[in-house]
Amino acid sequence: MTTGTSPVHGGTDRTAAARDVADRMATAATTWLEALDAEQKASASWAAPGSDAETEAERLRWYYTPTDHGGLPIGAMRPHQQRLAMQLVASGLSTPGYVTVATVLGLENVLDLEEGWGVDWGRERGRDPGMYYLRVFGEPGGQAPWGWRFGGHHVSLNNLVVDGVVRSTTPCFLGTDPATSPLLGGTSLRPLGAVEDLARELVRSLSPAQAARAVLLPRAPSDIIGGNRARITHGDEMLPLTDIWRSRLENQLADRVAEMNSRAENASGLDASDHTTLALTTTPKGLPAAEFDAGQRELLRHLLATYVDRVPEGLAPPPLDDAALGAVHLAWAGATEAGKPHYYRLQGPGLLAEYDNTQRQANHAHSVWRDPEADFGVDALAAHRAAHHGG
């Protein structure tokens, strides 16, 4: 599933939409950068995508742990600068997508409460809604490649603009901890509720024969399998938590993360062969939607929308036709009952969506939308370089 922003895949109307979004992004990025002082701008503004190996390596780094994501953190900005930063973030999201991101940031305060205000991540405040980082790569606007990244605990947004058109919006990660929080009146806050519930409804609708192929294991991994890898490759297995950090952990912090990883692995009950069973492969595992009935295919369409509709209207991939939808595979691990640890992925051409809700007694969720062939717009950037710079 491509982003639908290329004329090859989306036509002139979708290209026009992607150009309009790129213009809004450029205006917001320029306004934000102009509001920063020199010291702030040194963290906020980097060289253009693909300009050198160091910059490209940095652009392809992404995280979803409470680590340094690279860039200028919200907490280091004045209120006016924060508002301009959030305008840039909003320019790359649909309204539901932006509301979800803003909610995830606010949940850091809830998580702080849940943990007794005492978790130490080697900084003054362990759970901090100010520790979300924004960075712009290149000069916003014009035809030269440029992009921006926004990330912090449970958020990673990665956008690339080439030739004045948005060419990539993946990886796009959203998580939530807690996954379910109580609200007044007996209701609950569930930012990723539909991402979970639609998948559960789909897997529970399968016949026994279908389920035997879709459910890979009765136990669930403690995290998404792709982790924060820059590129997905055949045979990738789940990364240990200690690897999903910007720099090498030391002393007490290293011990804490290692203990968290060990606790999560023990709770999952997975062994080495289970991790091999769940490993990512070029040929998708699970059950292809070509074998779904009409109702199941409709559920799958709604589920896919919870991933691709995170970006602005006209920028998300167009709905898949029956043939393309049939190539999407559903793979599940863990329980199918609500409130119990589980994992699933949707995989097909140009698509990898992963979801897990396993930690904290299945109250800590991760979800990611990726295009394994074109994450970070590496294909569009290579094509631009070949056309304008001879490769």
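In this predicted model, strand β4 (residues 146-152) and strand β5 pair in the antiparallel sense, with 7 bridges between them. Across this pairing, Phe150 stands opposite Leu157 in β5. The hairpin of β4 and β5 has 2 residues between the strands, and in this hairpin His154 takes a positive phi near 70°.

Strand β5 has further partners. It runs antiparallel to strand β7 (residues 172-176), to which 3 bridges join it, and here Val155 stands opposite Leu174 in β7. Another 3 bridges join β5 to β6, again in the antiparallel sense, with Val161 placed opposite Val166 in β6. These two strands, β5 and β6, also form a hairpin with 2 residues between them, and Asp163 in its turn has a positive phi of about 55°.

How much of β5 is buried? The count is 8 of its 8 residues, so the strand is largely enclosed by the rest of the structure. A look at the two sides of the strand fills in the picture: Val155, Leu157, Asn159 and Val161 are buried on one side, and Ser156, Asn158, Leu160 and Val162 are buried on the other, so that both faces of β5 are covered.

The loops on either side of β7 each hold a cis peptide bond. One joins Thr170 and Pro171, with omega about 5°, and Pro171 has its place in the loop between β6 and β7. The other joins Asp177 and Pro178, also with omega about 5°, and Pro178 belongs to the loop between β7 and β8 (181-182).

Helix α13 (residues 378-389) is a neighbour of β5, since the buried residues of this helix pack against α3 (53-59), β5 (155-162) and β6 (165-168). The 12 residues of α13 reach 15 Å from the first C-alpha to the last, close to the 16 Å expected at 1.5 Å a residue. Buried in this helix are Ala380, Leu381 and His384. Viewed down the axis of α13, the buried residues fall within an arc of 100°, and therefore they line one face of the helix. In the loop between β15 and α13 lies Phe376, a residue with a positive phi of about 65° although it is not a glycine. With a relative accessible area of 2%, Phe376 is buried.

Turning to the nonpolar interior, the largest core has 70 residues, and those with the most contacts inside it are Trp32, Phe150, Val155, Leu300, Tyr344 and Leu346. Helix α1 (residues 7-34) supplies the largest share of this core, 9 residues. Apart from this core lies another one, of 11 residues, among them Leu217, Ala220, Leu278 and Ala333.

Trp32 offers a good place to look at the packing in detail. Leaving aside residues up to four places away in sequence, Trp32 touches Ala44, Leu72, Met77, Gln81, Leu84, Ala85, Leu134 and Val136. One of these, Gln81, is found in helix α4 (residues 79-91). Is Gln81 buried or exposed? Its relative accessibility is 0%, so Gln81 counts as buried. The side chain of Gln81 reaches the backbone oxygen of Ala35 at 2.8 Å. With residues up to four places away in sequence again left out, Gln81 touches Trp32, Ala35, Leu36, Asp37 and Gln40.

Helix α6 (residues 193-204) is another element with many listed partners. Its 12 residues should span 16 Å at 1.5 Å a residue, and the end C-alpha atoms are 16 Å apart, which agrees. The buried residues of α6 are Gly193, Val195, Glu196, Leu198, Ala199, Arg200, Leu202 and Val203. They pack against β10 (215-217), α10 (294-308), β12 (329-334), β13 (342-348), β14 (351-357) and β15 (365-370).

A last backbone detail concerns Ala362, which lies in helix α12 (residues 359-362). Ala362 has a positive phi of about 60° although it is not a glycine. Its relative accessible area is 11%, and under 20% counts as buried, so Ala362 is a buried residue.

How values were computed
Residues numbered from 1 in each chain as written. Predicted model: local features only at pLDDT ≥ 70, side-chain atom pairs only at ≥ 80, totals over all residues. Heavy atoms only, no water. Core = buried A, V, L, I, M, F, W, Y, C linked by side-chain atoms within 4.5 Å. Buried < 20%, exposed > 50% of the residue type's maximum accessible area, 1.4 Å probe, protein only. Helix = DSSP H or I, 4+ residues; strand = E, 2+ residues; numbered from the N terminus. Contact = heavy atoms within 4.5 Å. Expected span 1.5 Å × (residues − 1). Arc of directions from axis to C-beta. Pairing = 2+ DSSP bridges. Polar contact = N/O pair within 3.5 Å; in protein donor to acceptor, adjacent residues only side chain to side chain.
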